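Me: I should like a close look at a single part of this model, namely the surroundings of the bound ligands. Please place that part in the context of the whole chain and say how far the coordinates may be trusted.

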Amino acid sequence: MFCTLMGINALYSQSNEDCMMCHEDQELTMVKGGKTISVFVKASIIGKSVHKDVDCTSCHEDANVEEFPHPERLKVVELIGLN
Ligand code: HEC
Ligand code: HEC
């Protein structure tokens, strides 16, 4: 069952523009550990970096949902060998 769902999920592909519809809003915040933190994403950070061809969802896999909104709590992404 779990494997079947994962297989279906792999078919969805949200583009970076889809993410930025919400995340380009500088006012976008969430409450985490009792603190309000910004989830604003500067398009320029992604756009000009060597990762500009990298999809948001290649790191944030669990945000790659068929229909937004994605879950409130996403898995923490671990970067190995980047930067
Ligand atoms: C419909 C608006 C919307 C879209 C589209 C959207 N997000 Fe979000 N995102 C939010 C909101 C709102 C939050 C703050 C969490 C909350 O309160 O739900 C958030 C939080 C996050 C977080 C932090 C979650 C955490 O637990 O730390 C990540 C990472 C994230 N989004 C990635 C993405 C990615 C990647 C995409 C594109 C695949 C995307 N988002 C598309 C609205 C959106
Ligand atoms: C190279 C991998 C990678 C890519 C590509 C990537 N992210 Fe992230 N993102 C991370 C990591 C690592 C964190 C910090 C750890 C965590 O919270 O998961 C993070 C954190 C976040 C957060 C939490 C708030 C913050 O600033 O810490 C949001 C929102 C987010 N990313 C959205 C996006 C969106 C939208 C895109 C595409 C425009 C994107 N990410 C592309 C790796 C990536």
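Reply: The account below begins with the chain as a whole and then turns to the ligand shells and the elements that form them.

The model is a predicted one. Its single-residue confidence averages 78 in pLDDT over the chain, with 71% of the residues at 70 or more. That confidence is unevenly spread: helix α1, residues 2-9, has the lowest mean, 47, whereas β2 has the highest, 94. Over residues 3-10 the pLDDT stays under 50, and for this stretch the model has one contact beyond four places in sequence. Where pLDDT is low, predicted coordinates should not be read in detail. The description that follows therefore leaves the detail of helix α1 aside, as its mean pLDDT is 47.

The chain holds four helices and two strands, arranged along the sequence in the pattern α-α-β-β-α-α. Of its 83 residues, 2% count as buried. Among contacts with a separation of 6 or more, 27% are between residues 24 or more positions apart.

Ligand 1 is surrounded by 20 residues, and the closest of them are C19, C22, M30, C56 and A63. Two elements, α2 and α4, give two or more residues each to this shell. The greatest contribution comes from α2, with five residues. In terms of class, the shell around ligand 1 consists of eleven nonpolar, six polar and three charged residues.

Ligand 2 has 17 residues around it, of which C19, V39, C56, C59 and V77 come nearest. C19 and C56 thus appear in the nearest group for ligand 2 and also among the closest residues to ligand 1. Helices α2, residues 16-23, and α4, residues 56-59, each supply at least two residues of the shell around ligand 2. Here too α2 gives the most, in this case four residues. The shell around ligand 2 comprises twelve nonpolar and five polar residues, with no charged residue. Charged residues are present in the shell around ligand 1, where they number three.

Since α2 gives the most residues to the shell around ligand 1 and to that around ligand 2, two of its positions merit separate description. M20 lies in this helix. It has 16 C-beta neighbours inside 10 Å and therefore counts as partly exposed. Beyond its neighbours within four places in sequence, M20 is in contact with V41 and A43. The C-alpha atoms of M20 and A43 are 7.5 Å apart, although 23 residues separate the two in sequence.

H23 is also placed in helix α2. This residue is partly exposed because 19 C-beta neighbours lie inside 10 Å, the threshold for a buried residue being 20 or more. Apart from residues within four places in sequence, the contacts of H23 are with L28, V39, F40 and V41. V41 is thus a contact of H23 and of M20, while V39 is also one of the residues nearest to ligand 2. From H23 to K42 the C-alpha distance is 8.1 Å, at a sequence separation of 19 residues.

The two strands come next. Strand β1, residues 29-32, runs antiparallel to strand β2, residues 35-38, and four bridges join them. T29 stands opposite S38 in β2. M30, one of the residues closest to ligand 1, falls within the residue range of β1. The hairpin has two residues between its strands, and G33 there takes a positive phi near 55°. Most residues other than glycine have a negative phi, and most peptide bonds are trans.

The segment after α4 offers two further points. N64 is found in that segment. With 19 other C-beta atoms within 10 Å, N64 is partly exposed. N64 and Q14 are 50 residues apart in sequence, yet their C-alpha atoms are 5.9 Å apart. P69 lies in the segment after α4 as well. The peptide bond that joins F68 and P69 is cis, with omega about 0°.

In summary, α2 and α4 each supply two or more residues to the shell around ligand 1 and at least two to the shell around ligand 2. Nonpolar residues number eleven in the shell around ligand 1 and twelve in that around ligand 2.

Methods
Residues numbered from 1 in each chain as written. Chains lettered and ligands numbered in written order. Predicted model: local features only at pLDDT ≥ 70, side-chain atom pairs only at ≥ 80, totals over all residues. Pairing = 2+ DSSP bridges. Near = placed C-beta within 6 Å. Nonpolar A, V, L, I, M, F, W, Y, C, P; charged D, E, K, R; others polar. Buried ≥ 20, exposed ≤ 12 C-beta atoms within 10 Å, placed from the backbone. Contact = placed C-beta atoms within 7 Å. pLDDT = per-residue confidence, 0-100.
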